[in-house]
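Me: Could you take a close look at one part of this structure with me? I'd like a connected walk through it, residue by residue where that helps.

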Amino acid sequence: MVVAPNALDTLENMYNGASTSGSIAIQIPSEDAEAGVLAVNPDMLADKVYVAVK
């Protein structure tokens, strides 16, 4: 189990034009760690979104 520092509040209500920030922890293969791009589906029916990671 991992607890990310400054964790993203996933229960926060977000309205049109709002923004937020926070950290999440994701397990990835070590050989992909330096790639710098992550593909996510923000919703079960949504298309993939590519996100730059640090």
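Reply: Let's start with Ile28, which sits in the segment before β1, the strand that spans 37-40. This is a predicted model, so please read everything here as computed from that prediction. Is Ile28 buried, exposed or partly exposed? Its relative accessibility is 41%, so Ile28 counts as partly exposed, because that class lies between the 20% limit for buried and the 50% limit for exposed.

Ile28 also has company on the surface. Together with Leu8, Ile24 and Ile26, Ile28 forms a nonpolar patch there. The accessible area of these four residues together is about 350 Å².

Two members of that patch lead us on to the largest pocket. Ile24 and Ile26 are among the residues that lie nearest the centre of this pocket, along with Leu38, Val51 and Val53. In total, 21 residues line the largest pocket, and the elements that give two or more residues to its lining are β1 and β2, the latter covering 49-52. β1 gives the most, with three residues. The space in the largest pocket comes to about 700 Å³.

What is the make-up of the lining by class? There are 14 nonpolar residues, five polar ones and two charged ones.

Val51 deserves a moment of its own. Val51 belongs to strand β2, and with a relative accessibility of 34% it counts as partly exposed. How far apart are Val51 and Leu38 in sequence and in space? They are separated by 13 residues along the chain, while their C-alpha atoms are 5.2 Å apart. Both of these residues are on the list of those nearest the centre of the largest pocket.

Ile24 has a partner to look at as well. Between Ile24 and Pro5 there are 8.2 Å from C-alpha to C-alpha, with a sequence separation of 19 residues. Pro5, like Ile28, is placed in the segment before β1. The relative accessible area of Pro5 is 61%, so Pro5 is exposed, as the cut-off for that class is over 50%.

Finally, have a look at Asn6, which lies in the segment before β1 too. Its phi angle is near 55 degrees, a positive value in a residue that is not glycine. Asn6 has a relative accessibility of 67% and therefore counts as exposed.

To gather the threads: Ile24 and Ile26 belong to the nonpolar surface patch with Ile28 and Leu8, and Ile24 and Ile26 also lie among the residues nearest the centre of the largest pocket.

Definitions and conventions
Residues are numbered from 1 along each chain as its sequence is written. This is a predicted model: local features need pLDDT of at least 70, side-chain atom pairs count only at pLDDT 80 or more; totals for chains, interfaces and linings use all residues. Side-chain values use heavy atoms; hydrogens and water are left out. Patches are made of residues with over 30% relative accessible area and no salt bridge: like charges are joined within 9 Å, nonpolar side chains (Val, Leu, Ile, Met, Phe, Trp, Tyr) within 5 Å. Accessible areas come from the Shrake-Rupley method with a 1.4 Å probe; for residues, only the protein chains shown count as cover. A salt bridge is a side-chain nitrogen of Lys or Arg within 4 Å of a carboxyl oxygen of Asp or Glu. Helices (H or I, at least four residues) and strands (E, at least two) are DSSP runs, numbered from the N terminus. Buried means under 20% relative accessible area, exposed over 50%, partly exposed in between (1.4 Å probe, protein chains only). On a 1 Å grid over the protein atoms alone, a cavity is a set of points where a 1.4 Å probe fits but cannot get out, and a pocket is an open set with protein on both sides within 12 Å along at least five of seven lines; lining residues have an atom within 4 Å of a point. Grid points are joined across faces, edges and corners, and a volume is the space filled by probe spheres set on the points. Ala, Val, Leu, Ile, Met, Phe, Trp, Tyr, Cys and Pro count as nonpolar, Asp, Glu, Lys and Arg as charged, and the others, Gly among them, as polar.
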